[in-house]
Amino acid sequence: MNTSNVHIHARDITVSFPLRRAGIRSTGAKTAHKALDGVSFELAPGARVGLLGRNGSGKSTLLRTLAGVYPVTSGALEMEGRVAAIFNASLGFVQEATGLENIYLRGAMLGLSFDQIRELVPSIVEFSELGDWIREPIHRYSSGMALRLAFSITTAVRSDILLLDEWLGAGDAAFLRKARARMQTMVKDASIVVLATHNLNLMRNQCNQAMVLEEGRLVFFGDLDTAIETYQEFRQLTQL
Amino acid sequence: MSFAWSDMAAAFPRLRIWAYLAFKQIQFEHRRSVLGSAWIVLSYAITAAGIGFLMSQLQGRPVEVHVPHVMFGLAIWNFISGATIAGADIMVTSRSYLLQMNLPRSLFVLSMLLRLSYLLGIQLVTAFVICLFFGWRPTLEIVWIFPAFAVYLAAGFGTALTLGMVAARFRDISTLVGSCMRLIFFFTPIIWAVGTARDQAEGFIGFLVRWNPFSYVLNTLRDGLVGLPPDPLNWTVTLAITALVLFTGILALDRMGRRVTYWL
């Protein structure tokens, strides 16, 4: 994929979920919840966007919409480039399956083909530092080992557009350093990165612009400092 | 119909990895037990042969006729009810995948059908061995099981798509389907039989055999295994049902497939 073509163009996108009501008769109550409400923005190659917002402000919905999980209810979303999304690093392994089998399981979940996964296996096993343990079922693993494997699989994928929901931390101090370095390469290799996090230091390190979401609306899109100020104002509003 | 076609076109290139996963899934289910995957063969062999023998005595039918009738019938029923019940749940059980990636919806249906096909294969081979012991012999009519199975796959695909989409929106459907299938099991000549000629059956049983669509579908595959020639009526009814569910399935995929993640 030619990097220069990679872009995201969102025009007035709205995502509204149907609300389930008890009972069959219509009560005239609100029947849909707007998780995203008229959001517009343009992202070009080189964009490192931090996504800020309180819980329930629509961060995850926006990321999932960009990943193609949720179709837009109205508006237009135009995207070019290979998308990789990491929403849930701790998503359950199959406990009865071996580490190796779980690599295939998770690779499939990340949208990879059989051959693509097979190519990635040696590097995943090596990075996870699991050695012969890779042929043992996951239920024998310590939690640190499982976390190391999860991280190694999810970050083995390369893409043009990288969508991350919270930064991933894994294992002991030595592995953590290695993991941080790998995340940085991953972010560097991708053309566009959208990262949702509550960790402001991390965002300052990794991002060059930020969006603030509030009740599904994009209330700010621009430089980091103003974004963080705006976000903190909204956060204080609820604390009062 | 554009969404439905592009969904199905995107599903097939990914089929290899999901076929592997479907196969592995069967192993995982039994891995921690001592006998492991052998339980798939054992639990089927014990119940099917046991029920077959019991029912042959109850109905006064010769074991070499009734044991194959029941054993093949149960294996086939496991596929039919599996495709229907798991099909109704398919979008809901695939939730964690569908919320992670934009994956084709029909992929999950195909993967589920593959898993059921593996199980059907294992159970049919088990039935062959046990039925040979009871005096059953395969005949040339057995070749008809291949086209019949192809029709089953198409019917299962349509059924699972139809029910899966509707049940993702209206969750009561899957419970309803489960209850219905349990009842239909008893209302279909799987473990019991009425003799070869349909006209012989009278009263309520006759009504069941004539008007229960599942008996036609089941017999379409079982006839070849128990040495009966293909019955035009069985095939006509089965093909008509298949065409109908394929149509509703593709329609449901097209109309609801894109938005199905909203309801998960």
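Let me begin with the hairpin in chain A, where strand β8 (residues 209-214) and strand β9 (residues 217-222) pair in the antiparallel sense over five bridges; strands here are DSSP runs of E of at least two residues, helices are runs of H or I of at least four, both numbered from the N terminus, and two strands count as paired if DSSP finds at least two bridges between them. This is a predicted model, in which local features need pLDDT of at least 70 and side-chain atom pairs count only at pLDDT 80 or more, while totals for chains, interfaces and linings use all residues. Residues are numbered from 1 along each chain as its sequence is written, with chains lettered from A and ligands numbered from 1 in the order in which they are written.

Within that hairpin, A:Glu214 has A:Arg217 in β9(A) as its bridge partner, and of the two residues between the strands, A:Glu215 takes a positive phi near 50°.

Turning to the open sheet of chain A, three strands run in the order β2-β1-β4 with antiparallel pairing, and the edge strands, each pairing on one side only, are β2 (32-43) and β4 (74-80). Strand β1 (residues 7-18) and β2(A) pair over eight bridges, and A:Val15 stands opposite A:Leu36 in β2(A).

Across β1, β2 and β4 of chain A lies helix α1 (residues 59-66), running at about 60° to β2(A), where axes are lines fitted to C-alpha atoms, for helices over the stretch in contact, and angles run from 0 to 180 degrees between N-to-C directions; contact means C-beta atoms, placed from the backbone, within 7 Å.

Finally, the contact between the chains takes 26 residues from chain A and 23 residues from chain B, and α2(A) gives the most to the side of chain A that touches chain B, with five residues.

Terms used:
Contact = placed C-beta atoms within 7 Å.
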